[in-house]
Amino acid sequence: MRPPILLLKEGTEDSQGKSQLLSNITACQAVVEAIRTTLGPRGMDKLIVDSRGTATISNDGATIMKISDIIHPAAKILVDIAKSQDAEVGDGTTSVVLLAGEFLKQVKPYVEEGVHPRIIIKALRKGLKIAQDRIDQIAYKMKFNNDDEYRTFLQKCAATALNSKLIHQEKDFFSKIAVDAVLLLDELLPLNMIGIKKVQGGGLQSIQNKNHSQRPTTAQGCGHYKRSAYGWLPLDSQLITGVSFKKTFSYAGFEMQPKHYKSPKIALLNIELELKAERSNAEVRVNTVEEFQKVVDTEWNILYEKLEHIYKSGAQVVLSKLPIGDVATQYFADRDMFCAGRVVDEDLKRTMKACGGVIVATTYDLNDSVLGKCEYFEEKQIGGDRFNIFSGCPNAKACTIILRGGGEHLLDETERSLHDAIMIVRRTVKNDSIVAGGGAIEMELSKVLRDYSRSIAGKEQLIVAAIAKSLEIIPRQLCDNAGFDATNILNKLRQKHAQGGEAFGVDINREHVVDNFENCVWEPVIIKKNALAAAIEAACLVLSVDQTIKNPKSGGGEEQQQGRGRGRPM
């Protein structure tokens, strides 16, 4: 009898064949079941508590997948495609996971019956090519006569993305903010030049006075108002053209500094302007009091020399990434200068981008060529925090959105929703082709693939028909989440699309079907193409795995607790 040959370490889990493939598909379906109820305008929210006890309330697919501690190796593929969809496009994260899970669910019976995975993968990729070609055929490239039409188009695309979010009741206001923020950026549309600051208190929209008959005036264009039956409603959340960040830690003497400047010069520093504390192990030997006084005077002279250089440069606002101490704060206050230390690196760079200038590490070469400028600077109270606001920036390639809300969870979800809308606007600016949303494009692709499946023979026919059925998961889930009769709505949609109504989708408001192109439910083509491609590739990746090898954990559990510490053996 031959002795057994051991290839893997003892304790290694090894599964292969049809059973492990079916197990992987089942794991992916479990992930889909967890987030399917979050899809669409009537989707529900999820409350997730992580290992540290931090609670997150969200209906964003990518956020839920990131926070959920999914450990199954095959199910992690769905997490990856949700992250990639969020990073690439910003929206459609729930849709891409639903599609991938539904593709696997529909082909699962054929795997059980013994159809080779490679045949299924080939059919999936052929179906993807047909679907993307059809999207290109029916995509509508918008044409604009003026800038107002272009802005309106972008706002409608952003509003579609916000329809399914917690802030959907204020989608008109926030879609305008998202469009204005993106159009302020330069040609590359860098996302890091849009700052989002959250301030608790106030509300997304507040009514202060029902008797307003005229629109109030605002300073520096920072306020936003909305006309209603009650008059002009101040919307607490606001977009600031330029840069704004929370007031940093300050020492005594800060209250004496001016808080408003017109056309100030701005010094951006990476210098520590305070007396350094002596090191605990440092030793300085002096023989007389005069020698000790020289050491102290030298340290003070170095600091005062730096402060004098800054003052003589003509700068009125001084920002530094490193601390500005109490001596420097009082020095600047005596000379009617404003200073802020410990400014966050991201905020300092956005200030440089908007106001010009250079972040310098020395005070010797401070001149107009390295100083920034803006039309107006002020420190303003917003809620319970004070903000430093730079407006009228000459470059104006940066902006800041200040969000107000009653609670931390609301603000966090509002930030995530606004991020999705901003990403949609960025992608639409680069690619302005659109298709109808609300499940319309999925029903049209389903019809095209079903018609194609009837024209071919063999096993491939069944797989393509399964893909066509899988695409109906989007309109079906939209109906289920809204409490509609999904079967009835889908039958009406199939009838409309068979008659050539390629833009008909689910009407969430009236429990019916509607031409979503005329209903202004628009989605950029790149969302649908990216979601389809990612979902098909994820399904192909799961199907192509024929063996799972899971190595035992090294040094975990009880073995890690052995020994007497400091590397000494027992």
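**Figure 1. Asn516 sits in a loop between two strands of this predicted model.** The loop joins strand 20 (512–515) and strand 21 (522–524). Is Asn516 buried or exposed? Asn516 is buried, because its relative accessible area is 1%, and a residue counts as buried when that value is under 20%. The side chain of Asn516 reaches the backbone oxygen of Gly437 at 2.8 Å. Leaving aside residues up to four places away in sequence, Asn516 touches Ala436, Gly437, Gly438, Ala503, Gly505, Val506, Val521 and Trp522.

**Figure 2. Strand 21 belongs to an open sheet of 3 strands.** The strand order is 4-18-21, and the pairing is antiparallel. Which strands form the edges? They are strand 4 (140–141) and strand 21, each of which pairs on one side only. Strand 18 (residues 433–436) and strand 21 are joined by 3 bridges. Look for Ile434: its bridge partner in strand 21 is Pro524. Helix 16 (residues 525–543) lies across strand 18 and strand 21. Helix 16 runs at about 65° to strand 21.

**Figure 3. Strand 15 (residues 376–382) is mostly covered.** Of its 7 residues, 5 are buried. Strand 9 (residues 260–262) runs antiparallel to strand 15, and 3 bridges join them. Here Tyr261 stands opposite Phe377 of strand 15. Strand 16 (residues 385–391) is also antiparallel to strand 15, with 7 bridges between them. One pair to find is Ile382 and its bridge partner in strand 16, Asp385. How many residues lie between the two strands of this hairpin? Strand 15 and strand 16 have 2 residues between them. Gly383, in the turn, has a positive phi of about 65°.

**Figure 4. Helix 8 (residues 289–312) has the length that its residue count predicts.** Why does its span agree with expectation? Helix 8 has 24 residues, so at 1.5 Å a residue it should span 34 Å, and its end C-alpha atoms are 34 Å apart. The buried residues of helix 8 are Leu303, Leu307 and Ile310. An α-helix has 3.6 residues a turn, so residues three or four places apart point the same way. The cover over the buried residues of helix 8 includes strand 10 (265–269), strand 11 (317–320) and helix 9 (326–334). Just after helix 8 comes Gly314, with a positive phi of about 95°.

**Figure 5. Helix 12 (residues 440–453) is mostly covered.** How many of its 14 residues are buried? In helix 12, 10 of the 14 are buried. They are Ala440, Ile441, Glu442, Met443, Glu444, Leu445, Ser446, Val448, Leu449 and Ser453. Helix 12 reaches 20 Å from its first C-alpha to its last. That is close to the 20 Å expected at 1.5 Å a residue.

**Figure 6. Helix 3 (residues 76–88) packs against helix 11 (residues 408–430).** Two packed helices are described by the angle between their axes and the distance between the axes. For helix 3 and helix 11, the angle is about 60° and the axes are 9 Å apart. Which residues make the contact? Helix 3 contributes Asp86, Ala87 and Glu88. Helix 11 contributes His419, Asp420, Met423 and Arg427. By class, the contact has 4 charged, 2 nonpolar and 1 polar residues.

Conventions
Residues numbered from 1 in each chain as written. Predicted model: local features only at pLDDT ≥ 70, side-chain atom pairs only at ≥ 80, totals over all residues. Heavy atoms only, no water. Axes fitted to C-alpha atoms, helices over the stretch in contact; angles between N-to-C directions. Helix = DSSP H or I, 4+ residues; strand = E, 2+ residues; numbered from the N terminus. Contact = heavy atoms within 4.5 Å. Nonpolar A, V, L, I, M, F, W, Y, C, P; charged D, E, K, R; others polar. Expected span 1.5 Å × (residues − 1). Buried < 20%, exposed > 50% of the residue type's maximum accessible area, 1.4 Å probe, protein only. Pairing = 2+ DSSP bridges. Polar contact = N/O pair within 3.5 Å; in protein donor to acceptor, adjacent residues only side chain to side chain.
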